[in-house]
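Q: Could you take me through one part of this model in detail? I'd like to go slowly over a single stretch and hear what its residues are up to.

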Amino acid sequence: MIFKSAIYGLIGIATLLVIYFFILGLISGWQFALVQFSRFWYFIVSLAIGFGIQISLYTYLKNLIKDGQGSGRVLGVTGTTSTAAMLSCCTH
């Protein structure tokens, strides 16, 4: 179960980076996307890793609940907390 959650987290990291390059490349061009990534790589990679960790934890908790080892309330609370944190960060 931990291995599966880690795989989903790595897929989440890769997906976020692909979306970043796709959108930025589509809007401003591939060269601009590479320059921005080389300039701010530590922010972008940190954000992608944090997203991957959230995906891993979500998958792990969801599987625990599905196997009857936890409560669905835990998943609801963590999802609500993550959403509130994201909203407060983005509106800041």
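What follows is a close look at helix α1, residues 2-28.

A: Sure. Keep in mind that this is a predicted model.

Let's start with the overall build. Helix α1 runs over residues 2-28, which makes 27 residues. From its first C-alpha to its last it reaches 39 Å, close to the 39 Å expected at 1.5 Å a residue. After α1 comes G29, with a positive phi near 105°.

Now for the inside. The buried residues in α1 are S5, G9, G12, I13, F21, L24 and G25. Look at the spacing as you read along: an α-helix has 3.6 residues a turn, so residues three or four places apart point the same way. As for the partner, the buried residues of α1 pack against α2, residues 30-66.

Take S5 from that list. S5 counts as buried because its relative accessibility is 3%, and the cut-off for buried is under 20%. Leaving aside residues up to four places away in sequence, S5 touches S56, T59, Y60 and N63.

Then there's the outside. F3, I7, Y8, L10 and I11 make a nonpolar surface patch of about 520 Å². One of them, Y8, sits in helix α1 and has a relative accessible area of 40%, so Y8 is partly exposed.

Further along, the aromatics get interesting to follow. The count comes to 7 aromatic pairs. In one of them, the ring centres of Y20 and F37 are 6.4 Å apart and the planes sit at 50°, so this pair is tilted. Y20 belongs to helix α1 and F37 to helix α2, so the pair ties together parts 17 residues apart in sequence. Y20 is partly exposed because its relative accessibility is 21%, and F37 gets that label at 22%.

F37 also forms a tilted aromatic pair with F21, at 5.1 Å centre to centre and 55° between the planes. Here F21 lies in helix α1 and F37 in helix α2, so this pair ties together parts that are 16 residues apart in sequence. F21 has 19% relative accessibility and therefore counts as buried, since the cut-off is under 20%.

Put the rings together and you get a cluster: ring pairs link Y20, F21, W30 and F37.

So, walking along α1, you meet S5, which is buried, then Y8 in the nonpolar surface patch, and later Y20 and F21 in the ring cluster.

How values were computed:
Residues are numbered from 1 along each chain as its sequence is written. This is a predicted model: local features need pLDDT of at least 70, side-chain atom pairs count only at pLDDT 80 or more; totals for chains, interfaces and linings use all residues. Side-chain values use heavy atoms; hydrogens and water are left out. Helices (H or I, at least four residues) and strands (E, at least two) are DSSP runs, numbered from the N terminus. The expected span of a helix is 1.5 Å times one less than its number of residues. Buried means under 20% relative accessible area, exposed over 50%, partly exposed in between (1.4 Å probe, protein chains only). Contact means heavy atoms within 4.5 Å. Patches are made of residues with over 30% relative accessible area and no salt bridge: like charges are joined within 9 Å, nonpolar side chains (Val, Leu, Ile, Met, Phe, Trp, Tyr) within 5 Å. Accessible areas come from the Shrake-Rupley method with a 1.4 Å probe; for residues, only the protein chains shown count as cover. A salt bridge is a side-chain nitrogen of Lys or Arg within 4 Å of a carboxyl oxygen of Asp or Glu. Rings of Phe, Tyr and Trp (its six-membered ring) pair if their centres lie within 6.5 Å; planes under 30 degrees apart count as stacked, over 60 as edge-to-face and the rest as tilted.
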